[in-house]
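Visitor: Could you take me through one part of this molecule in detail? I'd like a close look at the surroundings of the ligand, and then some sense of the chain around that site.

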Amino acid sequence: MTDWPELAVEIAENILFPVADSVDVDGEIPASHFDALAADGFYGLTAPDSGVTPNVLVEVLETLCGGCLATTFTWMQHLGVLARLAGSENVEMKESCLPGLVAGEVRAGAAFTGAIPVPPTLWARRVDNGYVLDGVSPFVTGWGLVDVLQVSARDEFDDSVVHAILPATDGPGITAELLPLIAANGSNTVRLTFDGAEVPDASVSGIESSESFGESQLFGQWMTGCLAMGVARRCIRELEELGADVDAFEDQAWRVRLDLDAGLERSSGLSEARARASELAIRVAAALVTATGSSSIVGSNTAERLMREATFTMVAAGQPSIKTALLARLTRS
Ligand SMILES: Cc1cc2nc3c(=O)[nH]c(=O)nc-3n(C[C@H](O)[C@H](O)[C@H](O)COP(=O)(O)OP(=O)(O)OC[C@H]3O[C@@H](n4cnc5c(N)ncnc54)[C@H](O)[C@@H]3O)c2cc1C
């Protein structure tokens, strides 16, 4: 049986972390990073028969986020798409797409943010043999790095959520605008505008009710807690190497992880745990900058990169309840 956490440590320490600073400076992720993840089977982690438990999944994600946030953030979008497609009722699409996705030969990104707000920013209008999409998906990671994109939009007629798998390229009615990020810039995150983009029924992977879509966000919220935890754990290790006493931070990391997992299990308290994870990442990154000293503000270096990455975790994959909880923590007396 594959020891996924052990394999993740090998990739994080031997492939990702050694070049994470230069990936950050260049704003470009080497293709070899994604190839290494594919070669070891990481693109198939959320396939139904992978045997990977949630506990193993978070351990892997935290480790890889601490190796290179840009690479891991880009790659992990694929995991949600794979899991959703595995449950799709579009049997033909499932049969033709799943093997390539599991093997990492076909790499996926996700554009679900346009379907979330009320009112949504991306609409789907039913036409003969398919849908037409209009609006905006404000953040889409992996443009130019992934092959296909799962786009989610609200049906303007009945408020259900339409999911479609489309080629991840500019095309008729689809325009991408690259967003310069302060961290994980190599993730090639874009704002996608849809202007009458046609989606044939064969590309529709699923249609679900608003309630079901809302419930399905919980797992993603829990999973993306790994961004902050991975950055925090890397900072703790770096601090330890500088000779700092990290016992209190390790204890806090352990407690936040327990609360994240409990939040998923009980379907409550997850936003508060996500806020605590980001607050921890910010505090431990600040401690790392302080312990490193003035050299951390000269040019680019690991400490300042991790500080920016900790900031990234405060809003990326955020939602209003996490924002409220985090603001409450940051502004408390
Ligand atoms: C760098 C980066 C990359 C990203 N990449 C992707 C990606 O690849 N794919 C993707 O789909 N998204 C992506 N996102 C979007 C991300 O998932 C969150 O939606 C986004 O970070 C929230 O931004 P915000 O803090 O401005 O939103 P908020 O201020 O939290 O919310 C913005 C609006 O959306 C509404 N809203 C947001 N979430 C919810 C919710 N859960 N329930 C109800 N209403 C809600 C709010 O009411 C508000 O109207 C990315 C974000 C960033 C910053």
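Guide: Let's start with a term we'll need: two residues are in contact if their C-beta atoms, placed from the backbone, lie within 7 Å. Take the contacts in the chain between residues at least 6 apart in sequence, and 73% of them join residues at least 24 apart. Keep in mind that this is a predicted model.

Now to the part you asked about. The ligand is surrounded by 21 residues, and the closest are Thr 113, Pro 117, Phe 139, Thr 141 and Gln 319. As for which elements supply two or more residues to that shell, they are strand 1 (108–111), strand 3 (130–140) and helix 12 (320–331). Strand 1 gives the most, with three residues. If you're thinking about the chemistry of the shell, sort it by class: 12 residues are nonpolar, eight are polar and one is charged.

Zoom out a notch and look at the domains. The chain is divided into domain 1 (4–103), domain 2 (108–209) and domain 3 (224–331). Domain 2 and domain 3 each give at least three residues to the shell around the ligand. The centres of domain 2 and domain 3, taken over C-alpha atoms, are separated by 30 Å.

While we're here, helix 1 (residues 4–16) makes a good side trip. Its buried residues are Trp 4, Ala 8, Ile 11, Ala 12, Ile 15 and Leu 16. Look down the axis of helix 1 and these buried residues fall within an arc of 115°, so they line one face of the helix. Over on the other side of helix 1, Glu 6 and Asn 14 are exposed. And what sits over the buried residues of helix 1? The cover includes helix 2 (20–26), helix 3 (31–39), helix 4 (54–67) and helix 5 (69–86).

Finally, the whole chain. In total there are 12 helices and eight strands. The radius of gyration of the chain is 20 Å, close to the 20 Å that the globule rule gives for 333 residues, so the chain is as compact as a globular protein of that length. Along its principal axes, the C-alpha trace spans about 65 × 45 × 40 Å. As for burial, 47% of the 333 residues count as buried.

Definitions and conventions. Residues are numbered from 1 along each chain as its sequence is written. This is a predicted model: local features need pLDDT of at least 70, side-chain atom pairs count only at pLDDT 80 or more; totals for chains, interfaces and linings use all residues. A residue is near a molecule or strand if its C-beta atom, placed from the backbone, lies within 6 Å of it. Helices (H or I, at least four residues) and strands (E, at least two) are DSSP runs, numbered from the N terminus. Ala, Val, Leu, Ile, Met, Phe, Trp, Tyr, Cys and Pro count as nonpolar, Asp, Glu, Lys and Arg as charged, and the others, Gly among them, as polar. Domain bounds come from an automatic or database domain assignment. A residue is buried if 20 or more other C-beta atoms lie within 10 Å of its own, exposed if 12 or fewer, and partly exposed in between; C-beta atoms are placed from the backbone. The arc is that of the directions from the helix axis to the C-beta atoms. The radius of gyration is taken over C-alpha atoms; the globule rule is 2.2 Å times the number of residues to the power 0.38.
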